[in-house]
Amino acid sequence: MTDALVAFLRARFAEELEKARFASGTVTRDPERFGVDPEDAEKHARFSVATAEVHLTLLEDTVIPHLGAGGAAGRTAEYQLRLLAAPYVEHNDYPHEQPGSLA
């Protein structure tokens, strides 16, 4: 389950980063078209991209290296992984545990 969840999150975070970059470029080029103040568009674009980058970095640099470790570090990494995945639980590709699985 853990490997599947890591792969799932990598895919979701990469998608989110791509969407944020595309949307930020679109809105900041022509904010008036979307009824947005140019300064607000810039701030929101930076925030959206930064949020997507932070999620991906957190997963790669903080969670994954400690998955499978014993003790508190391993439990914390598993907990963090599940927290990062929680907003996506309704996604069609979410890797739900199978009945009878020990994962």
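## Three helices and an aromatic cluster

Helix 2 has 26 residues and reaches 36 Å from its first C-alpha to its last, close to the 38 Å expected at 1.5 Å a residue. Helices here are DSSP runs of H or I with at least four residues, numbered from the N terminus, and the expected span is 1.5 Å times one less than the number of residues. The structure is a predicted model, in which local features need a pLDDT of at least 70 and side-chain atom pairs count only at pLDDT 80 or more, while totals for chains, interfaces and linings use all residues. Residues are numbered from 1 along each chain as its sequence is written, and side-chain values use heavy atoms, with hydrogens and water left out.

Confidence may be considered next. The pLDDT, the predictor's confidence in each residue on a scale from 0 to 100, averages 88 over the protein chain, and 93% of the residues score at least 70. Within the protein chain, helix 3 has the highest confidence, at 95, and helix 1 the lowest, at a mean of 90. Over residues 99-103 the pLDDT falls below 50, and this stretch has two contacts in the model beyond near neighbours in sequence; a contact means heavy atoms within 4.5 Å. Where pLDDT is low, the predicted coordinates should not be read in detail.

The buried residues of helix 2 are Ala41, Ala45, Val49, Ala52, Leu59 and Val63. Buried denotes a relative accessible area under 20%, exposed one over 50%, and partly exposed a value in between, computed with a 1.4 Å probe on protein chains only. These buried residues of helix 2 pack against helix 1 and helix 3. Val63 illustrates the packing: leaving aside neighbours within four places in sequence, Val63 is in contact with Leu58, Ala77, Gln80, Leu81 and Leu84.

Helix 1 (2-29) comprises 28 residues, which at 1.5 Å a residue should span 40 Å; its end C-alpha atoms are 40 Å apart, which agrees. Its buried residues include Leu5, Leu9, Phe13 and Leu17, together with Arg12 and Ser24. Helix 2 and helix 3 are among the elements that cover the buried residues of helix 1.

Helix 3 runs over residues 71-85; for its 15 residues a span of 21 Å is expected, and the end C-alpha atoms lie 22 Å apart, in agreement. Gly74, Ala77, Leu81, Leu84 and Ala85 are buried in this helix. Viewed down the axis of helix 3, the buried residues fall within an arc of 95°, so they line one face of the helix; the arc is that of the directions from the helix axis to the C-beta atoms. The face turned away from this buried side carries the exposed residues Arg75 and Tyr79. The buried residues of helix 3 pack against helix 1 and helix 2.

The three helices also meet in a nonpolar core, defined as a set of buried Ala, Val, Leu, Ile, Met, Phe, Trp, Tyr and Cys residues joined through side-chain atoms within 4.5 Å. The largest such core has 14 residues, and those with the most contacts inside it are Leu9, Leu59, Val63 and Leu81. Helix 1, helix 2 and helix 3 are the elements that give two or more residues to this core. Helix 1 gives the most, with five residues.

Aromatic rings add a further set of links. Rings of Phe, Tyr and Trp (its six-membered ring) pair if their centres lie within 6.5 Å; planes under 30 degrees apart count as stacked, over 60 as edge-to-face and the rest as tilted. The structure holds three aromatic pairs. Phe8 and Tyr88 form an edge-to-face pair, 6.1 Å centre to centre with 80° between the planes. This pair links distant parts of the chain, since Phe8 is in helix 1 and Tyr88 in the segment after helix 3, 80 residues apart. Phe8 and Tyr88 are both buried. The ring centres of Phe8 and Tyr94 are 5.5 Å apart and their planes stand at 75°, so this pair is edge-to-face. Tyr94 lies in the segment after helix 3 and Phe8 in helix 1, so the pair ties together parts that are 86 residues apart in sequence. Ring pairs link Phe8, Phe13, Tyr88 and Tyr94 into a cluster.

Arg12, in helix 1, is buried, with a relative accessible area of 6%. Not counting residues up to four places away in sequence, Arg12 touches Tyr88, His91 and Asp93. His91, found in the segment after helix 3, is partly exposed, at a relative accessible area of 29%. On the same basis, His91 touches Phe8 and Arg12.
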